[in-house]
Amino acid sequence: MRQDSLLSIHHLRTRFHTYEGVLTAVDGIDLEVYRGETLGVVGESGCGKSVTALSILRLLASPPAEIRGKVLFDGENLLQMSLDEIRQIRGNSISMIFQEPMTSLNPVLTVGEQISEAIKLHQGVTREEAWSKAVEMLRIVQVPSPDIRAREYPHKMSGGMRQRAMIAMALSCHPRLLLADEPTTALDVTIQAQIVELMERLKEEIRTSIVLITHNLGLIAEMAKRVAVMYMGKVVEEAPVEDLFLEPLHPYTHGLLGSIPWIGRKMKSGRKQLQEIPGMVPSLLEIPDACRFHPRCSRAMEICRKEEPPLVQKNGRRVLCWLWK
């Protein structure tokens, strides 16, 4: 654990006990988030990105969820805290922007009430002071007429406005760590650019570390300093963003980058086309033996089908693959 590490995740494993069997959504991952940086987490839907964020804040009901490992925030293990202690952390020192604001915001409370509630709870101010700060936060995230919008219910707002309200709520207590789960999902390109600019500006002003969870590699290239690639609950590659885009090491990362549409890109044949990763992501009830990516990997070797791949350290990068042993 480096001295400037804010969040240190050690062998985090999250399982769900269901009628069909035990599903391991996050399978022994290790990650570090340093102060003032943005760490990107990418992968296909269902790879464990969102479950990782929810596990950090212990927002998964138990049962059916079972969380094991260590999640050290400023040296304290969040997984060993009491419910009262973790509630003091949520929304205060660590905040989260959820994937879908329409289902995350309370439909029977105004936006201002929801933002001011968090401020009043964690900062011990009066109701009037909390409301005033809630309106100010809406102004900071560039919601027009914030004093009027604060009195509106979520269903009266557009998707972009609700997303800004979620960001205002998440940053209202000036958290040291922000977990942003698909913060630009379902927004048009113009609004996406505004949200990215807003998060970058607030990061500089508040000095917040960000874990950016997304499948949008363009967003990762623009915002993140380091990136972790997940597949079926494991981190298969971790590298500085520039290194990952210039020279991906894991075959799965190759596939993700190859599936990005580039305007004007041509294959050797002269035809423009997108690459694809063959096959489908297996069910978590039927995880392949040894390397779990080998059924879809064009470079799979015999050992990939027989033994779990080692975690290889290479020039400040990490890759979970036999090709680099």
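## The loop with Pro63 and Pro64

Pro64 sits in the loop between helix 1 and strand 4. Since this is a predicted model, take what follows as a description of the prediction. Pro63 lies in that loop too, with helix 1 covering 49-56 and strand 4 covering 65-73.

What is the peptide bond from Pro63 to Pro64, cis or trans? It's cis, with omega near 10°. The bond leading into Pro63 from Ser62 is also cis, and there omega is near -5°. For context, most peptide bonds are trans.

## Ser145 and its phi

Another backbone spot to click on is Ser145, in the loop between helix 5 (127-140) and helix 6 (146-149). Its phi is near 50°, so you're looking at a positive value in a residue that isn't glycine. Most residues other than glycine have a negative phi.

## Helix 4 against helix 5

Now for the helices. The axes of helix 4 and helix 5 come within 8 Å and cross at roughly 120°. That angle makes helix 4 oblique to helix 5, and the crossing is right-handed.

Which residues do the touching here? On the helix 4 side you'll find Val111, Gly112, Glu113, Ile115, Ser116, Ile119, Lys120 and Gln123. They meet Arg127, Ala130, Trp131, Lys133, Ala134 and Leu138 in helix 5. By type, the residues of this contact split into seven nonpolar, three polar and four charged.

## Helix 4 against helix 7

Helix 4 also packs with helix 7: their axes come within 8 Å and cross at roughly 20°. Angles under 35 degrees count as roughly parallel, so helix 4 and helix 7 are roughly parallel. This crossing is right-handed as well.

The contact list has Val111, Gln114 and Ile115 from helix 4, facing Ala165, Ala168 and Met169 from helix 7. Five of these residues are nonpolar and one is polar, with no charged ones. Val111 and Ile115 are worth a second look, as they also turn up in the contact with helix 5.

## Helix 7 against helix 8

Helix 7 has another partner in helix 8 (residues 189-206), and the two axes come within 11 Å, crossing at roughly 10°. These helices are therefore roughly parallel to each other. Once again, the crossing is right-handed.

From helix 7, the residues involved are Gly160, Gln163, Arg164, Ile167 and Leu171. Across from them in helix 8 are Ile191, Gln194, Ile195, Leu198, Met199, Leu202 and Ile206. Sorted by type, the contact comes to eight nonpolar, three polar and one charged.

## The largest pocket

How big is the largest pocket, and what lines it? Its volume is about 560 Å³, and 21 residues form the lining. If you want to find the centre on screen, go to Arg90, Gly91, Phe98, Ala118 and Met169, which lie nearest to it. Met169 is one of the helix 7 residues that meet helix 4.

Strand 6 (94-97), helix 4 (111-123) and helix 7 (159-171) are the elements that each give two or more residues to the lining. The largest share comes from helix 4, with five residues. As for chemistry, the lining is made up of 12 nonpolar residues, six polar and three charged.

Terms used:
Residues numbered from 1 in each chain as written. Predicted model: local features only at pLDDT ≥ 70, side-chain atom pairs only at ≥ 80, totals over all residues. Heavy atoms only, no water. 1 Å grid on protein atoms, 1.4 Å probe; cavity = no way out; pocket = protein on both sides within 12 Å on 5 of 7 lines; lining within 4 Å. Points joined across faces, edges and corners; volume = space filled by probe spheres on them. Helix = DSSP H or I, 4+ residues; strand = E, 2+ residues; numbered from the N terminus. Nonpolar A, V, L, I, M, F, W, Y, C, P; charged D, E, K, R; others polar. Axes fitted to C-alpha atoms, helices over the stretch in contact; angles between N-to-C directions. Parallel < 35°, antiparallel > 145°, perpendicular 65-115°, else oblique. Left-handed = near helix turned anticlockwise from the far one by under 90°. Contact = heavy atoms within 4.5 Å.
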